[in-house]
Amino acid sequence: MTKEGKAADSQWNRREFVSSLATSAVAAASTGALLTAGVSCAHKAPRFTPRKKVAIVATIVRKYSHAQHFIDRFVEGYGWHGQHHRPAMELASLYVDQFPENDLARERSSRHGVRIYPTIEGALTLGGSDLAVDGVLIIGEHGNYAKNEKGQTLYPRYKFFKEVTNVFEKSGRAVPVFNDKHLSTRWSECAEMVADSKRLGFPFMAGSSLPVTWRIPAIDLPLGTPLEESLCICYGGVDHYDIHGLETAQCMSERRAGGEVGVKSVHAVKGQEVWAMLKEREPTRRLMFAALARSHTCQGPPGYTYAIPDMAWCRKAATNPIAYFIEHLDGFKTTLLLFNGLVDDFTYAGLIKGTGEIVSCQMYLPMPPRYTTLANFFNPQVNHIEQMVLDGTVPYPVERTLLTSGVTLFAVESLYQGQVKLETPELKVNYQPLAKSAFWRA
Amino acid sequence: MTTRALRKITFVVEEFGVGTPAQQLLDRFLIGYPHEGAFRKLEGCRVALHLAPPEAADAEITRRVQDFGLDRESNLERAIADADAVVIIGREHMCVPSETLLKSVLQNAAANTACFVHGVLAPTLQSAKEMVALAESRHILLTAGTATAVTYRLPDVDVPMGVPLQEALIVVQGAYPVAEVEALHGLLPVIERRRNGESGVKRIRFFQGRDIWQAGERGVWPQSLLASALSRSDRPQGDPVADGRTQDLLGLGRVPQLAQHPRCWILEHRDGLRSTLLDLDGVVADFNFAVQTNAGQIISAQLHRPPGPAQHQFSRLAAVLETFFRTGKPPWPIQRNLLVTGLLEAFVQGSARKDKSIETPELGSRAIAYRIPM
């Protein structure tokens, strides 16, 4: 640790001190068993323990980039359980890969006294020789990066991760890591990242904020539900928002009887082929309309503010549809529909085996600047990261994101090869979900 | 509960355009609406529209006549004569229909017709009482409200029935009196669940501008509840708009800096509950509330209004109204409507006497007090 760093450690300023008192109390409240939806508790006495430190390794920090959302929640706090919550830890360092004209990293660094290091190693060691932080966030989303021939943006998440684990290995210890969105653009790299986390023994959390955001209504599936098919309808593009839709479905699907056993095949199609495939799948069409009935943005015809959609209207409004049809090893099916032009939100529907009952909800994404000023779906994500840094617990197995990353990659490949169905023996990822779902409900 | 088939619903409206409450509600009954994970459509039910005063054909009305068989009727008596339900909607910025129009509906509708007024019943408590009396004398079922009363909450919380409450606060934005109407329709459904129900309001106070913050410092209204309510907002203004940052608006002293022409109403309920309505344009652009129980627990949530153009809070309201129309059982006691009307009337007096208490004996009477059914 540098001399400067030690001085900063031992002499908190008044703002930090007051903030730490409030944070301790809020942290106690926010983890308390007494909490129920919308109810906050009286403060407990604060504990005077040194604050943990986290480093954020980011591609770019500009308004509404993912890194901006994460950084600001650590340095400014955020709304949580009916209070303005300040994390019980310090954002100690940043590594930022790109500095565009509208960069905010330097402004945040200057205003909050968070040093930007020129290397990832520097950010993790705070300029010293050994790991000096208690948690690492890898936010490899947004920025100017090349695309490959398949249309994948080559964000350096794997590269960042390997530099992080190199520091862990050199230091002889590892700390919890969060990776935003899917793991990487190659399956071998995704698998290696998860294997590294096991080998080095650190808590590893990854993925989208969709599984942890508000649900409207706030439904959950009991563990062991006899689910036979899941479907998500959303907007966005391939290798971009598809991962969010896949995670929306997977956080429900994994709770089915037997848990997750892995994926047998992935078939991605677009355009007219989407409608042709749906025509052959009556249960999937039922799920599609159930999910649309949870949408708050289903586009209406001219002169109307919403639609009661039928198949003809879906075909007309969703002008460039994309669908992923996914077969799991136990016969379970997942369908992802990217219906740009028809919807602007994320909705889920699941079919219960035997009864034919459908469960459905919207996973609410208050997206700025269209609908809000804050991307508060990051609040529960950040809160889970804080918990992981504090006590090492992860809110869901990283295998979920390993699987959704793999499905994303194979869907991209399926489209690239001409919308062919791909067998996916690599995706034999089996895991059991945690008993408690990690979505935002209070 | 017995229900009846709906054969005709008539909308009596003073303006109609895309995005108006009239269009939003009428379309729910004309073309259907999403409800509990499915699309719901009233089968075999005619929807009629009477625009008052009758105006030249409007393109959006004509579109609905052609697309969905909307029945446009220029004669009010004919429009409502055989209706099972009538929805009366005034001009959007007024929140209250013309008294003459509502009276005509109540005088001409058949017995057992269910009538819903969007907004408030009348401009004065006396007039509202007369409308209620007229409806009762003709066996017409009458209620009023807005979608804010039934919209989604984030989180999906409610005050447990019978819990004693000490303080309540709601933050809204918008112009007077629409914001005040929405604040009352947003907060009353929350607080009327407290021990012994709604007791009525014995006095009100009004603050504006800097006086609001000084009153907050003095404890005239609860800053802790403002902090909790603001923590539920997805649309804080100021720096979050400029660069996307999260911010402790109250803790950093930003609220007084950002507020543009703020208004604050404090209601002293007869049972000791204190309710605060804050209109904070420039601070947040959504509706959030917080209440504190006598035991010190704070319950807070955003009254989530789904995005336009669909504004599916109107789907929630349509579902509540459909049940009302079918069962004849109003969704909430008529006293809630009288209290809202009376408070809005009192606000007119209050705004002229800022920082002074206005006694409201007529709103603290037993005739206004009510309990919602368990």
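How many residues of chain A are in contact with how many residues of chain B? In this predicted model, 44 residues of chain A meet 48 residues of chain B. Looking at the chain A side, the elements that put in two or more residues are β1 (39–40), α3 (66–76), β3 (78–80), β4 (83–85) and β16 (358–363). Helix α3(A) gives the most, with four residues. By class, that side of chain A splits into 22 nonpolar, 16 polar and six charged residues.

Now for the inside of each chain. Chain A is divided into domain 1 (3–207) and domain 2 (215–373 + 400–427), with 14 residues of domain 1 and 17 residues of domain 2 taking part in the contact between them. On the domain 1 side, α7 (187–200) and β9 (204–207) of chain A each bring at least two residues, and α7(A) has the largest share, three residues.

Chain B gets domain 1 (8–149 + 311–331) and domain 2 (152–304 + 339–363) from the domain assignment. Their centres, taken over C-alpha atoms, are 29 Å apart, and 13 residues of domain 1 of chain B touch 15 residues of domain 2 of chain B.

Here is how the residue classes work out for the contact sides described so far, plus one helix pair that comes up next.

| Contact | Nonpolar | Polar | Charged |
|---|---|---|---|
| Side of chain A that touches chain B | 22 residues | 16 residues | six residues |
| Side of domain 1 of chain A that touches domain 2 of chain A | six residues | six residues | two residues |
| Side of domain 1 of chain B that touches domain 2 of chain B | seven residues | six residues | no residues |
| Contact of α7(A) with α13(A) | six residues | three residues | no residues |

That helix pair is worth a look. Helix α7(A) packs against helix α13 (residues 398–416) of chain A at an angle of about 170°, with the axes 9 Å apart. So α7(A) runs roughly antiparallel to α13(A). From α7(A), the residues involved are A:Trp187, A:Cys190, A:Val194 and A:Ser197, and they meet A:Val398, A:Leu402, A:Ser405, A:Gly406 and A:Leu409 of α13(A).

Over in chain B, two helices are good places to look at burial. Helix α1 (residues 21–31) of chain B has 11 of its 11 residues buried, so it is largely enclosed by the rest of the structure. Among those buried residues are B:Gln23, B:Gln24, B:Asp27 and B:Arg28, along with B:Leu25, B:Leu26, B:Phe29 and B:Ile31. Just after α1(B) comes B:Gly32, with a positive phi of about 110°.

The other one is helix α12 (residues 334–352) of chain B. For α12(B), 15 of the 19 residues are buried, so the rest of the structure largely encloses this helix too. From first C-alpha to last, α12(B) reaches 28 Å, close to the 27 Å expected at 1.5 Å a residue.

One more stop is B:Arg316, which sits in helix α11 (residues 313–327) of chain B. Is B:Arg316 buried or exposed? B:Arg316 counts as buried because 20 other C-beta atoms lie within 10 Å, and the cut-off for buried is 20 or more. Leaving out residues up to four places away in sequence, B:Arg316 touches B:Ala147, B:Val150 and B:Thr151. B:Ala149 is 167 residues away from B:Arg316 along the chain, with 9.6 Å between their C-alpha atoms.

Technical notes:
Residues numbered from 1 in each chain as written. Chains lettered and ligands numbered in written order. Predicted model: local features only at pLDDT ≥ 70, side-chain atom pairs only at ≥ 80, totals over all residues. Buried ≥ 20, exposed ≤ 12 C-beta atoms within 10 Å, placed from the backbone. Contact = placed C-beta atoms within 7 Å. Expected span 1.5 Å × (residues − 1). Domains from an automatic or database assignment. Nonpolar A, V, L, I, M, F, W, Y, C, P; charged D, E, K, R; others polar. Axes fitted to C-alpha atoms, helices over the stretch in contact; angles between N-to-C directions. Parallel < 35°, antiparallel > 145°, perpendicular 65-115°, else oblique.
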